[in-house]
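Dear colleague,

Here is the structure I said I would pass on. My notes on it follow below.

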Amino acid sequence: MLSKRHTEIMRILSDEGTVTISGLAARLGVSLETVRRDVRPLTENGSVLRIHGAVGLAGQVGEAPFQRRMRENADAKRRIAREMAKLIHDGDSVMLDTGTTTSFVARELLGHRRLTVVTNSSDIARTLATVNGNKVYMAGGELRSDSGAAFGVSAIEFIAKFSVGHAIISAGAIDAESGVMDFDLEEAEFARMVLTRGANSYVVTDRTKFGRRGLVQVAGFDAIGHVVTDEPVADDIAAALDEAGTQLIVGGTAAASVDHAAEE
């Protein structure tokens, strides 16, 4: 339940757009930890965005591109993330690439303990580091201004040193013929390496990415163990998953999981 202080936070942000956490604490006469605690439910319901030690009203002009993408189709991404989190247990090792859906997965993993996490995403690293006994390893290199993620040879060489239980990537596009695709060469190369490092491999993506073609192929369906999404897929993609033996997991529906390989 939101309190009077939550209402005051929303009023301040409505008037001023973006305010630092320390600025809010001073305005409200409370501690930094209290402000962080008060802001948490507002960020979880999408009303407020966290940006570099500050908070801003969702939809404000000038918000970071990655944060804007986090709001797009957020309910579907949250359902996908919850379904993905069910497949991970305390003590497991997980590798995630950067993406809004994988960032939602990271937030759902806050209920898990003692995870070993490997990622190139500063957002995912910040979310899961220093909590619940987790160990977080982040690939190095220059962080992109739009996503806060590291790419390139150094990042790929870093993650190649790890073998994890669960390798999870997001997708820019999914096509029945080409499989998983992206629009950026470096992101595709990084995601391709992630898929090879897991005993189990997953693509987490919402319905808007299906039936689209990207610029660069990440992997065919035969290189992917599971596709986790929010709605049943088109017949041509379902047939391609069938042929590859890839498991389709549909989150937030009565039929939460459809194992195509088992149907053959």
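The model is predicted, with a mean pLDDT of 88 over the chain. Of its residues, 89% reach 70 or more. Please treat residues 253-264 with care: pLDDT stays under 50 there. For that stretch the model has 24 contacts beyond four places in sequence.

The small sheet

One open sheet has three strands, in the order β1-β3-β2, and the pairing is antiparallel. Strands β1 (18-20) and β2 (48-51) are at the edges, and each has a single partner strand, so one side of each lacks a neighbour in the sheet. From one strand to the next, the twist averages 25 degrees. Between β2 and β3 (residues 54-57), which run antiparallel, there are four bridges. Ile-51 has Ala-54 of β3 as its bridge partner.

Two helices pack on this sheet. Helix α2 (residues 21-28) touches β1, β2 and β3, and its direction makes about 80 degrees with that of β1. Helix α3 (residues 32-44) touches β2 and β3, with its direction at about 115 degrees to that of β2.

The salt bridges

There are 15 salt bridges in the structure. I looked at one group of them: Arg-79, Arg-207, Asp-230 and Glu-231 are linked in a network.

Arg-79 and Asp-230 form a salt bridge through their side chains, at 3.8 Å from N to O. This pair links distant parts of the chain, 151 residues apart. Arg-79 belongs to helix α5 (residues 74-86), whereas Asp-230 is in the loop between β12 (226-229) and α10 (235-244). How accessible are the two partners? Arg-79 has 29% relative accessibility and therefore counts as partly exposed. Asp-230, with a relative accessible area of 2%, is buried.

Asp-230 also meets the side chain of Arg-207 in a salt bridge, at 2.4 Å from N to O. Arg-207 is in the loop between β10 (198-204) and β11 (216-219) and Asp-230 in the loop between β12 and α10, so this pair ties together parts 23 residues apart in sequence. The relative accessible area of Arg-207 is 34%, so Arg-207 is partly exposed.

Arg-207 has a salt bridge with Glu-231 as well, at 3.5 Å from N to O. Glu-231 is in the loop between β12 and α10, while Arg-207 is in the loop between β10 and β11, so the pair ties together parts 24 residues apart in sequence. Glu-231 counts as partly exposed because its relative accessibility is 35%.

A buried acid without a partner

Asp-97 is a separate case. This residue is located in the loop between β4 (93-96) and α6 (100-108). Asp-97 is buried yet has no salt bridge. Which side chain of opposite charge is nearest to Asp-97, and how far away is it? The answer is Lys-209, at 10 Å, against a salt-bridge cut-off of 4 Å.

What, then, is Asp-97 in contact with, leaving aside its neighbours within four places in sequence? Thr-102, Asn-120 and Ser-170 are among its contacts, as are Ile-124, Ile-168 and Ile-169. Phe-190, Ala-191 and Val-194 are in contact with Asp-97 too.

If you look at two places in the model, I suggest the network that links Arg-79, Arg-207, Asp-230 and Glu-231, and the surroundings of Asp-97, which is buried and has no salt bridge.

Regards

Note on methods:
Residues are numbered from 1 along each chain as its sequence is written. Side-chain values use heavy atoms; hydrogens and water are left out. pLDDT is the predictor's confidence in each residue, from 0 to 100. Contact means heavy atoms within 4.5 Å. Buried means under 20% relative accessible area, exposed over 50%, partly exposed in between (1.4 Å probe, protein chains only). Lys and Arg count as positive and Asp and Glu as negative; His and the chain ends are not counted. Two strands pair if DSSP finds at least two bridges between them. Axes are lines fitted to C-alpha atoms, for helices over the stretch in contact, and angles run from 0 to 180 degrees between N-to-C directions.
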